[in-house]
Amino acid sequence: NMAGAMAVSVGQHNVSLQDVTAEFNSATLQGGAFLMEVNSSALAPGYFAWTIQSGTFFANSAQSGSAMYVSCGSILAANATLNVTSSNFAHNNARDNGALFFKAEFTDYTFKTHFQYNHFDSNNATNAASIYAKFGALTEMEFIDNRFENGNCSGPGAAMWLVYATAISHQLVMNDTRLSYRSSGPCGVIYLQNTASSNLTV
């Protein structure tokens, strides 16, 4: 199954969640707590804008995206944005990839994420204990005053594994973000893949 607590799979939506708690949810595949997908057609290009403020995601589990799974697969999608502030992600367990899993596969839109004042604590996964992202789209990721600590993984990227499309501009901004992770994998705390032929700004 997918989405232990809530699933949204539509063409166009704006969602704002405040003081939300998702605990002890599980999914066999993606989205232990939340699953968000953008679908569209030629008549209705898709987009989404999600805001999560003061959320708690605790002890959720899934194959990928144990707390949250976000997929923007439509080639017709317009800009997609995700803002997460003052939230806690703790003790979430993914068998494969990440407490947060992002997938944006096509190149005709920009996927923007903003994380501020969040705490990622003791999340575990085979790869990228806190955040795994696979980008074919233009991306803008911003992390301001976040803490990543105490998680563990055996694969690449103890805190983050970001897979970028080649020859496309990507922007990654990290300010006042603290990282304290254990990794027995080959690529340390943050693994940035395919950056050699991308325009990546940190």
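## Around T177

Leaving aside residues within four places in sequence, T177 is in contact with F143, I144, D145, N146 and F148. T177 sits in the loop that runs between strand β20 (169-175) and strand β21 (178-183). The model discussed here is a predicted one.

Is T177 buried or exposed? With a relative accessibility of 18%, T177 counts as buried, because the cut-off for buried is under 20%. The side chain of T177 also reaches the backbone oxygen of F143, at 3.5 Å.

## The model as a whole

The average pLDDT of the protein is 79, and 73% of the residues score at least 70. Confidence varies from element to element: strand β10 (residues 88-90) has the highest mean pLDDT, 96, and strand β23 (residues 199-201) the lowest, 57.

How many helices and strands does the protein have? There are zero helices and 23 strands. Contacts between residues at least 6 apart in sequence can be sorted by how far apart the partners are, and 89% of them join residues at least 24 apart.

The protein has 202 residues, and 50% of them count as buried. Its accessible surface comes to about 8200 Å². Carbon and sulfur atoms account for 47% of that surface.

## Aromatic rings

A pair of aromatic rings is described by two values, the distance of the centres and the angle of the planes. The protein has 14 aromatic pairs. In one of them, the rings of F89 and F120 have centres 4.8 Å apart and planes at 5°, so this pair is stacked. F89 belongs to strand β10 and F120 to strand β14 (residues 119-121), so the pair ties together parts that are 31 residues apart in sequence. F89 is buried, with a relative accessible area of 0%. F120 also counts as buried, at 0% relative accessibility.

F120 has a further partner in F148: the ring centres are 4.5 Å apart and the planes are at 5°, so this pair is stacked as well. The link again joins distant parts of the chain, since F120 is in strand β14 and F148 in strand β18 (residues 147-153), 28 residues away. Both F120 and F148 are buried. F148 is also one of the residues in contact with T177.

Which residues do the ring pairs link into a cluster? The members are F34, W50, F57, F89, F102, F115, F120, F143 and F148. F143, whose backbone oxygen is reached by the side chain of T177, is thus named in this cluster too.

## Nonpolar cores

The largest nonpolar core holds 39 residues. Which of its residues touch the most other members? They are M68, L100 and F102. Not counting residues up to four places away in sequence, M68 touches F34, M36, I52, F57, L82, F89, A99, L100 and F101. Of these partners, F34, F57 and F89 also appear in the ring cluster.

Another core, of seven residues, lies apart from the largest one. Its members include L35, Y69, F101 and A128.

## Y164 and A133

Y164 is found in strand β19 (residues 160-164). At 3% relative accessibility, Y164 counts as buried. In sequence, Y164 and A133 are 31 residues apart, while in space the distance from C-alpha to C-alpha is 8.2 Å.

How values were computed: Residues are numbered from 1 along each chain as its sequence is written. This is a predicted model: local features need pLDDT of at least 70, side-chain atom pairs count only at pLDDT 80 or more; totals for chains, interfaces and linings use all residues. Side-chain values use heavy atoms; hydrogens and water are left out. pLDDT is the predictor's confidence in each residue, from 0 to 100. Helices (H or I, at least four residues) and strands (E, at least two) are DSSP runs, numbered from the N terminus. Buried means under 20% relative accessible area, exposed over 50%, partly exposed in between (1.4 Å probe, protein chains only). Contact means heavy atoms within 4.5 Å. Accessible areas come from the Shrake-Rupley method with a 1.4 Å probe; for residues, only the protein chains shown count as cover. Rings of Phe, Tyr and Trp (its six-membered ring) pair if their centres lie within 6.5 Å; planes under 30 degrees apart count as stacked, over 60 as edge-to-face and the rest as tilted. A polar contact is a pair of N or O atoms within 3.5 Å; within protein, one must be able to donate a hydrogen and the other to accept it, and residues adjacent in sequence count only if both atoms are side-chain atoms. A nonpolar core is a set of buried Ala, Val, Leu, Ile, Met, Phe, Trp, Tyr and Cys residues joined through side-chain atoms within 4.5 Å.
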